[in-house]
Amino acid sequence: MTIGELLKEERMEKGLTQKQFADGIVSTSYYSKVEKDEHRITAEDLIAVLEHNNIPTSVFLNLIKV
C-alpha cells in the first residue's frame, strides 16, 4: 500500500473530506494528488497531516509496504 492509498483509507475511515483531513497543512488540490500518487508529500507535511488527524506516525509508517 502506498502512502497516498493509506492516507485515503485513513481519511475515509474518519469520514472526512480531503479539505478537512489536510486543513491548514497543504492545499486540497495538492493533497488530492498525493492520494492519487501523482505527487509526493514531504515527510514534514505527512507528519503534520497525521498529527492533525491524531494518527500515530509509527503506526502509519508500519502499514506502508514498499
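**Classifying residues and contacts around helix H1**

Biologist: Why is Leu7 called buried?

Modeller: Leu7 has a relative accessible area of 0%, and buried means under 20%, so Leu7 is buried. The model is a predicted one.

Biologist: Where does Leu7 lie, and which residues does Leu7 touch beyond four places away in sequence?

Modeller: Leu7 lies in helix H1, which spans residues 3-14. Leu7 touches Phe21, Tyr31, Val34, Glu35, Leu46, Val49, Leu50 and Phe60. Of these contacts, Val34 is 27 residues from Leu7 in sequence, while the C-alpha atoms of the two are 8.6 Å apart.

Biologist: What makes the pair Arg11 and Glu35 a salt bridge?

Modeller: The side chains of Arg11 and Glu35 approach to 2.6 Å, N to O. The cut-off for a salt bridge is 4 Å between a side-chain nitrogen of Lys or Arg and a carboxyl oxygen of Asp or Glu, so the pair qualifies. Arg11 belongs to helix H1 and Glu35 to helix H3 (residues 28-35), so this salt bridge ties together parts 24 residues apart in sequence.

Biologist: Why does Arg11, a charged residue, count as buried?

Modeller: The relative accessibility of Arg11 is 10%, and the limit for buried is under 20%; therefore Arg11 is buried. Glu35 is buried as well. Apart from Glu35, Arg11 touches Leu16, Thr17, Gln18, Phe21 and Tyr31, residues up to four places away in sequence being left out.

Biologist: How many salt bridges does the structure hold, and how do you know that Lys19 and Asp23 form one?

Modeller: The structure holds 2 salt bridges. In the pair Lys19 and Asp23, the closest N and O atoms are 3.9 Å apart, and the limit is within 4 Å, so the pair counts as a salt bridge.

Biologist: Why is Lys19 called exposed, and why is Asp23 called partly exposed?

Modeller: Lys19 has a relative accessible area of 51%, and exposed means over 50%, so Lys19 is exposed. Asp23 has 43%, and partly exposed covers the range between 20% and 50%, so Asp23 is partly exposed.

Biologist: How do the axes of H1 and H3 meet, and why is the arrangement called roughly perpendicular?

Modeller: The two axes come within 7 Å and cross at roughly 115°. Angles of 65 to 115 degrees count as roughly perpendicular, so H1 is roughly perpendicular to H3. By class, their contact has 3 nonpolar, 1 polar and 4 charged residues. Gly4, Glu5, Leu7, Lys8 and Arg11 in H1 meet Tyr31, Val34 and Glu35 in H3.

Key. Residues numbered from 1 in each chain as written. Predicted model: local features only at pLDDT ≥ 70, side-chain atom pairs only at ≥ 80, totals over all residues. Heavy atoms only, no water. Helix = DSSP H or I, 4+ residues; strand = E, 2+ residues; numbered from the N terminus. Buried < 20%, exposed > 50% of the residue type's maximum accessible area, 1.4 Å probe, protein only. Contact = heavy atoms within 4.5 Å. Axes fitted to C-alpha atoms, helices over the stretch in contact; angles between N-to-C directions. Parallel < 35°, antiparallel > 145°, perpendicular 65-115°, else oblique. Nonpolar A, V, L, I, M, F, W, Y, C, P; charged D, E, K, R; others polar.
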